[in-house]
There are 8 protein chains.
Amino acid sequence: SRSGIPEVIYAEGKTPRKVSDIVERVVSQKGMIAVSRASEADHAEIIHRIGTEGVVHNREARMIIVDRRKDKPSNVGRIGVLTAGTSDIPIAEEAACVAEIMGCDVIRGYDVGVAGIHRVLEPLKTMISEDVACVIVVAGMEGALPSVVAGMVGVPVIGVPTSVGYGLGAGGIGALTTMLQSCAPGLVVVNIDNGFNAGATAALIARMRKSSL
Amino acid sequence: SRSGIPEVIYAEGKTPRKVSDIVERVVSQKGMIAVSRASEADHAEIIHRIGTEGVVHNREARMIIVDRRKDKPSNVGRIGVLTAGTSDIPIAEEAACVAEIMGCDVIRGYDVGVAGIHRVLEPLKTMISEDVACVIVVAGMEGALPSVVAGMVGVPVIGVPTSVGYGLGAGGIGALTTMLQSCAPGLVVVNIDNGFNAGATAALIARMRKSSL
Amino acid sequence: SRSGIPEVIYAEGKTPRKVSDIVERVVSQKGMIAVSRASEADHAEIIHRIGTEGVVHNREARMIIVDRRKDKPSNVGRIGVLTAGTSDIPIAEEAACVAEIMGCDVIRGYDVGVAGIHRVLEPLKTMISEDVACVIVVAGMEGALPSVVAGMVGVPVIGVPTSVGYGLGAGGIGALTTMLQSCAPGLVVVNIDNGFNAGATAALIARMRKSSL
Amino acid sequence: SRSGIPEVIYAEGKTPRKVSDIVERVVSQKGMIAVSRASEADHAEIIHRIGTEGVVHNREARMIIVDRRKDKPSNVGRIGVLTAGTSDIPIAEEAACVAEIMGCDVIRGYDVGVAGIHRVLEPLKTMISEDVACVIVVAGMEGALPSVVAGMVGVPVIGVPTSVGYGLGAGGIGALTTMLQSCAPGLVVVNIDNGFNAGATAALIARMRKSSL
Amino acid sequence: SRSGIPEVIYAEGKTPRKVSDIVERVVSQKGMIAVSRASEADHAEIIHRIGTEGVVHNREARMIIVDRRKDKPSNVGRIGVLTAGTSDIPIAEEAACVAEIMGCDVIRGYDVGVAGIHRVLEPLKTMISEDVACVIVVAGMEGALPSVVAGMVGVPVIGVPTSVGYGLGAGGIGALTTMLQSCAPGLVVVNIDNGFNAGATAALIARMRKSSL
Amino acid sequence: SRSGIPEVIYAEGKTPRKVSDIVERVVSQKGMIAVSRASEADHAEIIHRIGTEGVVHNREARMIIVDRRKDKPSNVGRIGVLTAGTSDIPIAEEAACVAEIMGCDVIRGYDVGVAGIHRVLEPLKTMISEDVACVIVVAGMEGALPSVVAGMVGVPVIGVPTSVGYGLGAGGIGALTTMLQSCAPGLVVVNIDNGFNAGATAALIARMRKSSL
Amino acid sequence: SRSGIPEVIYAEGKTPRKVSDIVERVVSQKGMIAVSRASEADHAEIIHRIGTEGVVHNREARMIIVDRRKDKPSNVGRIGVLTAGTSDIPIAEEAACVAEIMGCDVIRGYDVGVAGIHRVLEPLKTMISEDVACVIVVAGMEGALPSVVAGMVGVPVIGVPTSVGYGLGAGGIGALTTMLQSCAPGLVVVNIDNGFNAGATAALIARMRKSSL
Amino acid sequence: SRSGIPEVIYAEGKTPRKVSDIVERVVSQKGMIAVSRASEADHAEIIHRIGTEGVVHNREARMIIVDRRKDKPSNVGRIGVLTAGTSDIPIAEEAACVAEIMGCDVIRGYDVGVAGIHRVLEPLKTMISEDVACVIVVAGMEGALPSVVAGMVGVPVIGVPTSVGYGLGAGGIGALTTMLQSCAPGLVVVNIDNGFNAGATAALIARMRKSSL
Ligand SMILES: Nc1ncnc2c1ncn2[C@@H]1O[C@H](COP(=O)(O)O)[C@@H](O)[C@H]1O
Ligand SMILES: Nc1ncnc2c1ncn2[C@@H]1O[C@H](COP(=O)(O)O)[C@@H](O)[C@H]1O
Ligand SMILES: Nc1ncnc2c1ncn2[C@@H]1O[C@H](COP(=O)(O)O)[C@@H](O)[C@H]1O
Ligand SMILES: Nc1ncnc2c1ncn2[C@@H]1O[C@H](COP(=O)(O)O)[C@@H](O)[C@H]1O
Ligand SMILES: [Mg+2]
Ligand SMILES: [Mg+2]
Ligand SMILES: [Mg+2]
Ligand SMILES: [Mg+2]
Ligand SMILES: [Mg+2]
Ligand SMILES: [Mg+2]
Ligand SMILES: [Mg+2]
Ligand SMILES: [Mg+2]
């Protein structure tokens with residue numbers, strides 16, 4: 001497509017059969033598809049139906065990618081992905097995974113959250129020196145990390161609130177609100193746990209740099 | 001600064017005196033400042049204090065810009081700004097205004113909202129042919145336009161919900177929710193009525209293209 | 001009854017025994033009943049109690065219909081039912097199912113949602129040329145499809161938000177809010193996942209046309 | 001247009017000048033327009049600009065209608081409009097007003113709410129004997145009237161919650177929730193205070209009967 | 001105690017052992033106790049510990065009563081308990097059960113809800129002719145029945161919202177809001193699903209009549 | 001009427017003319033009426049229209065009572081009214097005022113709230129020794145007083161949350177929630193600021209004692 | 001009193017006369033009082049009634065203190081008060097003002113918020129070297145500063161969210177949620193804009209150190 | 001660390017393997033760690049990995065503490081921990097447990113809640129005579145106990161709302177709101193169920209007294 005963003009289906013609430021029906025149809029038309037929130041059963045059914053060629057199951061990200069395209073995009077650009085805690089990693093991997101399919105190099109820095117701001121400095125320095133086009137910051141609970149990062153870099157930051165946390169602001173509402181209320185310009189957000197959209201948008205931004213050459 | 005985003009103060013709830021105190025201090029240090037949600041009284045007090053040189057009052061956007069820098073950024077890139085209705089224009093102007101200070105060219109397309117999807121096609125076509133780096137879409141009420149636009153362009157879209165609307169979802173909550181729930185990848189959002197941040201982030205994206213030359 | 005709307009019981013939270021008690025009583029009085037959110041166990045218990053005559057179990061819609069009336073209504077009119085995604089189909093089937101018992105012909109167009117507006121055009125054209133009296137549009141997540149459809153047809157549109165979606169606006173609140181905020185006149189809504197009411201109201205509208213002959 | 005629904009602008013938050021600009025443009029193109037939530041100043045500015053021909057200001061409904069069409073629709077059908085209390089009348093008039101422009105006859109029954117269910121019986125009987133195609137029921141506070149009416153008539157009922165009421169459920173949220181939760185099939189709703197949409201949809205339903213002759 | 005209201009423990013979230021510890025202690029001190037939201041396991045453990053004397057398990061109400069008092073209150077007065085639907089019965093039984101321990105006679109009228117207002121008339125007539133001191137009305141979904149009943153009787157009505165219902169207002173919030181917004185004076189409410197408190201308060205009211213003899 | 005509760009109109013949002021229209025009509029039919037949230041202008045217009053006979057304006061309660069009945073109820077019973085703070089007094093007076101019209105004696109105890117539990121003891125002791133049938137407790141902010149009182153008396157307690165308070169739980173939501181969550185049986189509630197309903201229900205309870213003589 | 005916390009009245013919603021009534025009574029009994037959210041009119045009325053002796057009006061904090069005690073507490077300990085922005089200063093002053101009446105020394109550091117974390121370092125260093133017993137951190141919008149500070153000091157931090165901010169999380173809800181969700185142990189909070197309570201609690205903590213000498 | 005607060009990991013949502021990875025790493029660096037919301041499986045995996053030395057599993061608190069430090073803090077000070085009900089005990093134990101690791105003595109008083117205020121008096125008296133530096137009060141449902149306690153003691157009170165309760169204010173929102181709305185100065189709060197933070201802050205306060213010797 002114009003944007004190069006892979007078609008994605010959300011597997012939660014669909015039977016493995018329904019999922020693999022759609023996978024089969026889309027792959028035969030476009031050569032590729034992404035399945036988010038995928039289960040082991042979805043994976044089993046898919047490879048049972050269309051074989052293992054070009055099928056990758058990123059279990060951490062709960063994603064299945066089927067990519068049988070001839071010309072895969074590559075070298076599109078570089079982005080960074082940070083998480084505040086370890087619970088935020090699956091969503092971060094979902095983002096990284098999508099950006100990689102779209103041809104980006106991804107620099108990861110996980111579990112560097114607020115409890116020790118200093119821990120974010122090193123991965124950030126690497127990202128800046130590697131000239132990332134955009135930084136995705138994934139955080140739950142109070143969700144303050146994206147705002148801190150946005151104050152430190154000169155590129156756009158995409159905040160991804162995660163549904164980690166309990167009490168007032170549970171389910172990611174606290175983190176989302178913090179990110180939207182942030183006074184740090186340059187920070188934009190996606191919905192709670194929507195790693196997919198963060199990864200896709202980051203890749204669109206990264207691609208811009210290359211395409212302008 | 002690293003990012004080139006102007007310092008901004010939020011005038012609502014501050015006396016004109018407090019506003020102009022800050023303006024005077026910041027301008028003397030950095031040569032420029034932006035004042036959002038500014039009143040006529042704020043404007044009067046500012047020019048009374050520091051004179052009219054480099055002071056622009058964009059009344060539609062309720063912004064005052066003071067820019068006394070020697071080297072103003074220009075030619076940084078091109079972005080598009082769309083609004084769904086006429087009530088959304090002040091927030092759109094806030095965004096456009098900030099992007100312009102940061103050196104962007106802005107293509108506007110106002111009042112092209114959902115009631116007639118066809119009306120959005122023409123300004124979008126212009127924006128695409130002019131190779132915008134990013135499209136800001138400002139919308140209140142149901143807030144569906146950003147999602148429609150994101151489905152049509154290959155660049156990132158920044159959705160800005162506005163506080164237009166009444167009943168369930170009043171005050172912009174409906175529009176914000178729609179944008180976050182959108183299935184269209186490539187769409188990221190800022191908080192309700194936060195035109196400033198949308199404009200600043202769009203300029204960061206636009207600049208990326210140029211900087212890579 | 002005056003309205004021809006079948007009595008319906010909501011099976012969730014009732015034991016199969018309680019459900020079949022009510023079914024038996026109502027069928028003996030009125031010749032028919034509808035059971036929504038019905039389980040396999042409800043179905044087994046019902047046919048165990050009253051036999052299979054006139055009992056239809058629409059598993060997709062999670063509905064059991066018992067219809068032992070002599071004179072079933074038919075040819076009452078024609079309505080359309082659309083869904084944005086595949087997850088919305090069970091609720092759409094609930095609506096279609098009720099309209100059919102009330103004697104309507106139903107034209108279905110599923111999975112035609114916003115990601116590709118063009119996909120909605122074909123089923124809509126058919127519906128218009130078949131002169132539907134009303135279009136039911138079922139959508140989760142951002143719930144923008146009903147508004148789009150209402151802008152394209154000259155008949156009433158009934159929006160049915162579904163509880164699909166996560167993050168801010170989860171559980172259908174986002175879709176409901178979008179539909180209520182919509183600027184498109186001619187669009188009315190029912191509660192989240194209430195396919196039954198959408199189907200019943202659509203049939204009342206369809207019947208009006210016939211009854212005026 | 002296809003649907004015959006007049007173009008409407010929402011005057012709240014627009015200057016009289018902006019309102020009359022739009023009115024002038026739309027009237028010259030389509031011969032008519034409706035202005036909702038209109039002030040005296042809007043009215044003054046409009047007749048100052050385009051004269052009084054075909055301009056009607058319904059103060060109770062806070063609407064201005066400009067209608068300079070040659071062929072005005074008439075005899076399109078009959079609808080009923082009920083209110084629970086006296087505070088609900090402005091919204092009811094907004095609905096009635098729109099339905100009348102679209103060519104409907106409107107039977108009104110105001111202040112017949114729950115405190116005495118018996119008071120609703122008489123106007124309802126008239127409406128039924130006059131064969132209304134649809135009943136609009138406008139109610140604030142607990143908003144129970146639409147549900148009661150839907151249980152008594154065999155035509156669709158459109159519930160309009162109003163922003164009357166205080167405490168938990170204030171601003172119309174209570175009434176809206178009651179209507180959505182209602183067990184009475186045949187009841188559909190519009191957003192709080194959205195009389196315009198209720199009137200437009202009712203007229204679409206009424207027209208159906210006629211159009212089928 | 002002064003009020004005669006039995007001590008009650010809320011079993012949900014406590015182990016059977018913890019529950020029976022408390023039961024044993026309280027019964028040895030006061031001769032009686034009520035256990036709400038009790039499971040089969042709670043029951044088994046209690047009779048294992050203290051024997052079956054005076055232990056009654058009302059499964060419909062999910063309550064266990066242990067009453068080993070010498071002088072049980074009786075003839076304290078008469079109250080009515082109504083439910084809108086069948087799903088509301090467990091909460092109604094919780095209320096009835098408590099009122100009975102406190103010495104009241106209870107007249108029940110279940111599943112008489114709004115769908116047919118006429119169905120409420122007969123049980124209400126009996127309650128009025130039997131001179132009940134108070135009517136408890138239990139209702140979920142739109143929760144309109146208590147308001148209707150309060151308009152028909154000259155005694156206090158206690159509304160009990162139940163957690164039945166889905167969509168906007170799910171979990172009983174819709175019913176609670178309706179009851180609080182009700183325009184019918186004489187209607188007071190307790191929290192969602194709190195049958196216990198409704199029964200206890202109704203008995204306090206009933207006792208007043210007797211005590212004044 | 002059956003219940004003796006006076007008809008009441010809510011003046012907020014109605015013009016003095018509309019208010020006095022209704023007052024005139026109701027007084028001529030029933031001899032009495034109550035106007036809540038009444039302004040000075042409402043009062044002026046009413047006495048201008050119907051004279052001062054039997055018109056009482058309780059400014060603290062913002063109520064106007066018109067009572068021209070021959071046989072006014074009296075000696076119906078005794079109730080207590082408490083407030084936590086001084087800001088809660090207007091709502092308490094609204095309740096007291098209604099109970100008095102219905103023939104009750106009212107014992108007041110204002111500003112005795114939680115900050116010093118001891119201050120509530122004295123008025124409570126008087127109320128108990130005077131044998132009140134019911135205690136109304138009006139409280140804003142955390143709203144804990146009704147629960148404390150219910151633990152100390154053997155008669156029903158009606159909690160009235162007021163819209164005093166700011167921050168989380170502002171507008172009375174905090175106080176309402178506290179009262180509904182209270183573990184103290186015998187406590188029932190009305191909506192925020194609804195003194196009228198509290199007074200009317202308390203009088204119904206008080207009357208019960210007398211009527212049973 | 002035991003705690004030394006001054007009695008305080010909340011002036012908002014009370015007439016100057018009511019305020020000064022209470023002031024007069026309390027001062028004659030206890031020698032002192034604090035009035036929060038006080039207006040000029042409250043001040044005028046108070047000094048008109050009781051003279052100017054010991055009356056201090058802190059306009060920034062909107063507080064009036066009357067202190068005619070012989071032995072004023074002093075040297076009780078030292079606390080720090082920080083604000084994120086300039087809009088947060090009135091609430092910070094309310095806190096500082098109360099702590100000072102209770103005998104504390106207060107070190108202020110205003111407008112040091114997140115936009116530049118470095119700006120918070122200097123005042124924090126002073127506070128630590130001056131051995132403050134507690135730090136109050138006042139912040140609106142995203143409210144991240146208290147969490148950052150709690151990660152840097154070894155004493156308790158009291159977060160005070162302010163009602164600054166708009167959009168999702170407006171009115172201080174965003175800041176409150178952030179502070180409650182914070183992962184930084186040692187951070188406790190008070191309600192939005194409740195500077196009074198923050199100041200009082202900080203003084204209790206400070207006093208502890210001294211009292212143990 | 002500066003503050004002596006142990007590093008803590010939140011085990012919910014992490015696999016035992018992930019949990020024990022982190023435990024192993026942190027213990028080898030700092031000699032200790034706390035695991036909250038820990039399962040039996042977490043415990044098994046931890047002792048399998050690092051042996052049982054210094055590992056304590058407080059099952060009531062669902063916490064695992066690993067403490068292999070040479071110099072454990074002790075005699076740091078004394079705090080009190082109260083609960084309203086028995087359901088609140090696990091959260092109270094979490095708080096007590098953390099305070100103990102930080103070297104505090106803890107005086108417990110459980111199940112002393114509102115139903116009988118007198119029951120709180122005895123443990124409070126002990127706490128005061130033992131000179132506690134701070135009282136933690138854990139309460140669900142209406143959450144009124146912390147406010148009552150704050151009115152009775154001269155030291156800071158930390159309120160911990162628990163997620164006990166149903167209906168409006170369920171999940172601890174009611175208790176949290178009550179505590180924030182409380183008029184009792186000296187009361188500060190932590191998020192729902194956050195016993196850890198309450199314990200840590202209480203220990204910081206207690207330590208202050210000692211450290212000042
Ligand atoms: N009373 C009303 N309620 C809801 N929507 C309205 C109302 N009046 C006008 N509109 C819609 O609001 C939109 C106008 O937006 P704007 O251009 O910002 O005035 C149009 O789509 C109208 O159909
Ligand atoms: N700024 C404030 N924030 C919170 N509570 C306050 C404030 N000022 C006074 N109060 C409390 O509000 C209550 C006064 O209620 P009232 O008698 O209605 O004025 C007392 O308990 C005061 O301690
Ligand atoms: N229109 C705006 N929307 C959001 N944040 C803003 C806006 N204008 C200024 N700000 C931010 O608000 C903060 C200023 O807070 P204050 O010092 O209280 O004015 C700064 O961090 C600004 O970056
Ligand atoms: N069904 C119920 N609804 C509301 N409160 C209850 C119920 N059952 C018991 N309680 C109250 O819950 C509290 C018991 O708390 P706990 O000690 O945690 O069990 C007591 O105050 C009881 O009066
Ligand atoms: Mg985190
Ligand atoms: Mg719009
Ligand atoms: Mg969908
Ligand atoms: Mg009404
Ligand atoms: Mg029901
Ligand atoms: Mg109060
Ligand atoms: Mg701030
Ligand atoms: Mg409790």
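Visitor: How many aromatic pairs does the structure hold over all chains?

Guide: Over all chains there are eight aromatic pairs. The model is a predicted one.

Visitor: What makes A:Tyr10 and C:Tyr166 an aromatic pair, and why is the pair called stacked?

Guide: Two rings pair if their centres lie within 6.5 Å, and planes under 30 degrees apart count as stacked. For A:Tyr10 and C:Tyr166 the centres are 5.3 Å apart and the planes stand at 20 degrees. Both values meet the cut-offs, so the pair is stacked.

Visitor: Where do A:Tyr10 and C:Tyr166 lie?

Guide: A:Tyr10 is in strand β1 (residues 8–10) of chain A, and C:Tyr166 is in the loop between β8 (157–161) and α6 (173–181) of chain C. The pair therefore crosses between chains.

Visitor: Why is A:Tyr10 called buried?

Guide: Buried means under 20% relative accessible area. A:Tyr10 has 18% relative accessibility, so A:Tyr10 counts as buried.

Visitor: How do you know whether the rings of D:Tyr166 and F:Tyr10 are stacked or edge-to-face?

Guide: The angle decides: under 30 degrees counts as stacked, over 60 as edge-to-face. The planes of D:Tyr166 and F:Tyr10 are at 20 degrees, with the ring centres 5.3 Å apart, so this pair is stacked.

Visitor: Why is the pair of D:Tyr166 and F:Tyr10 said to join two chains?

Guide: D:Tyr166 belongs to the loop between β8 (157–161) and α6 (173–181) of chain D, while F:Tyr10 belongs to strand β1 (residues 8–10) of chain F, so the pair joins two chains.

Visitor: Is F:Tyr10 buried or exposed?

Guide: F:Tyr10 has a relative accessible area of 17%; the cut-off is under 20%, so F:Tyr10 is buried.

Visitor: What lies over the face of D:Tyr166, and what lies over the face of A:Tyr166?

Guide: F:Arg37 lies over the face of D:Tyr166, 4.9 Å from the ring centre. H:Arg37 lies over the face of A:Tyr166, also at 4.9 Å from the ring centre. The distance limit is 6 Å.

Visitor: Why is the site of ligand 1 called shared between chains?

Guide: The residues that surround ligand 1 come from chains B, C and D, so the site is shared. There are 14 residues around ligand 1, and B:Ser87, B:Tyr166, C:Cys183, D:Lys14 and D:Ser36 come nearest. Strand β1 (residues 8–10) of chain D gives the largest share of the shell, three residues.

Visitor: What makes the approaches of B:Ser87, B:Tyr166 and D:Lys14 to ligand 1 polar contacts?

Guide: A polar contact needs a pair of N or O atoms within 3.5 Å. An N or O atom in the side chain of B:Ser87 is 2.9 Å from an oxygen atom of ligand 1. The side chain of B:Tyr166 has an N or O atom 2.3 Å from a nitrogen atom of the ligand, and for D:Lys14 the distance to a ligand oxygen is 2.2 Å. Each distance is within the cut-off, so each is a polar contact. Ligand 1 taken alone exposes 510 Å², and the protein buries 87% of that.

Visitor: Which chains does ligand 4 lie between, and how do you know that H:Thr86 makes a polar contact with ligand 4?

Guide: Ligand 4 lies between chains E, F and H. A polar backbone atom of H:Thr86 is 3.1 Å from an oxygen atom of ligand 4. The limit is 3.5 Å, so this counts as a polar contact.

Technical notes. Residues numbered from 1 in each chain as written. Chains lettered and ligands numbered in written order. Predicted model: local features only at pLDDT ≥ 70, side-chain atom pairs only at ≥ 80, totals over all residues. Heavy atoms only, no water. Near = heavy atom within 4 Å. Polar contact = N/O pair within 3.5 Å; in protein donor to acceptor, adjacent residues only side chain to side chain. Areas by Shrake-Rupley, 256 points an atom, 1.4 Å probe, with all protein chains shown as cover. Helix = DSSP H or I, 4+ residues; strand = E, 2+ residues; numbered from the N terminus. Phe/Tyr/Trp six-rings, centres within 6.5 Å; stacked < 30°, edge-to-face > 60°. Buried < 20%, exposed > 50% of the residue type's maximum accessible area, 1.4 Å probe, protein only. Lys NZ or Arg CZ within 6 Å of the ring centre and 35° of its normal.
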